[in-house]
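Me: Please take a close look at the largest pocket of this structure and explain what forms its lining. I would also welcome an account of some single residues and of the cysteines.

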Amino acid sequence: MTKTPKIAVVTGGSAGFGAATVRLLAARGWHVLAGARRLDKLRQVTEPVGAEALALDVTDPASVEAFAAALPPAVHLLVNNAGLASGFQSVAEAEDARWDTMYQTNVLGLMRVTRALLPRLAASGDGHVMNIGSISGFEVYVGGAGYTASKHAVRAVTKTLRLELLGQPIRVTEICPGLAETEFSLVRFDGDADRAASVYTGMEPLTADDVAECVVWAAERPSHVNIDEIVVRPRAQATSQVVHRRPEGP
Ligand SMILES: NC(=O)c1ccc[n+]([C@@H]2O[C@H](COP(=O)([O-])OP(=O)(O)OC[C@H]3O[C@@H](n4cnc5c(N)ncnc54)[C@H](OP(=O)(O)O)[C@@H]3O)[C@@H](O)[C@H]2O)c1
């Protein structure tokens, strides 16, 4: 007898960790529904693995509402992955628009999507909220306040959910990656490919697949086992800013 697949929802499935998570969950037999703003790019991820692509902008309440309404009545796993950094400026010099984008996406978007899906997660009888945080949720660095503040907030939301959902059949996990090579730095530096590449110079960063493995491992523990958090960094990274880099060649 074939088992009915569990249902997973992944936000930000069009690139990076989200795309790798869609692929790995699908390979493991989950039915995956993924959301992102770039629907064409999202479909390139979902179609080959039999997942579903839905338009989603987590910063737009109407978009989140439409996204949630298109989901099945019971969902087992929500991976709150959509997120970004914008710029690398001190508090003295940063622009409001960048703070707004990061806070709207990383914090309010995550809370909005979670709120919209909680009834479906409870209805599954075995729900799981998986928030993609960061080591920036508990470390800080010069020029990072807008992003680190947002990821500290993700940590606060995760811990609050664990209290508020106690007694319900919903687990809550935070995955906190360090340096990983995705589109993240390209987005942070407004498409400046050289500057983005320099983030990973002389060191081996995590890959999107490394992070997806953590997500799927935590999701596939037995229902009574709650993995609170996973901190995963490259071997060459001790803290956000203390990174071992190979000396430049001749
Ligand atoms: N890479 C790292 O070093 C690193 C480390 C720790 C944590 N993280 C976190 O990991 C998560 C994924 O990042 P990544 O490294 O995989 O970056 P990425 O390659 O840039 O992917 C980000 C994803 O988020 C989606 N997204 C952005 N804004 C969105 C919005 N308003 N609505 C819906 N989707 C949105 C993007 O899709 P569209 O543009 O198509 O909407 C894209 O699919 C983020 O939360 C990030 O903060 C990254």
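Reply: Helix 6 provides the largest share of the lining of the largest pocket, namely four residues. This helix spans residues 184-188 in a model that is predicted. Three further elements also give two or more residues to the lining: helix 1 (16-27), strand 2 (31-36) and helix 5 (145-164).

The pocket itself has a volume of about 1,000 Å³. Its lining consists of 47 residues. Nearest the centre of the pocket lie G83, L84, A85, T182 and F184. When the lining residues are sorted by class, 22 are nonpolar, 18 are polar and seven are charged.

Two single residues may now be considered, beginning with T148. This threonine belongs to helix 5, one of the elements that give two or more residues to the lining of the largest pocket. T148 has a relative accessible area of 4%, and because buried means under 20%, this residue counts as buried. Setting aside its neighbours within four places in sequence, T148 makes contact with S136, E139, V140 and Y141.

The other residue is S14, which is found in the loop between strand 1 (7-11) and helix 1. Helix 1, like helix 5, is among the elements that give two or more residues to the pocket lining. With a relative accessibility of 8%, S14 is likewise below the 20% limit and therefore counts as buried. Once its neighbours within four places in sequence are left aside, the contacts of S14 are A19, A36, R38, K41, L42 and V45. Of these contacts, A19 falls within helix 1 (16-27) and A36 within strand 2 (31-36).

The cysteines remain to be described. How many disulfides does the structure hold? The number is zero. C176 takes part in no disulfide, and the nearest cysteine sulfur, which belongs to C214, is 10 Å away. A disulfide requires two cysteine sulfur atoms within 2.5 Å, so a separation of 10 Å does not qualify. Seen from the other side, C214 is also in no disulfide, and the cysteine sulfur nearest to it is that of C176.

Are these two cysteines buried or exposed? C176 has a relative accessibility of 0% and therefore counts as buried. C214 has a relative accessible area of 15%; this value is under 20%, so C214 is buried too.

Conventions: Residues numbered from 1 in each chain as written. Predicted model: local features only at pLDDT ≥ 70, side-chain atom pairs only at ≥ 80, totals over all residues. Heavy atoms only, no water. Buried < 20%, exposed > 50% of the residue type's maximum accessible area, 1.4 Å probe, protein only. 1 Å grid on protein atoms, 1.4 Å probe; cavity = no way out; pocket = protein on both sides within 12 Å on 5 of 7 lines; lining within 4 Å. Points joined across faces, edges and corners; volume = space filled by probe spheres on them. Nonpolar A, V, L, I, M, F, W, Y, C, P; charged D, E, K, R; others polar. Contact = heavy atoms within 4.5 Å.
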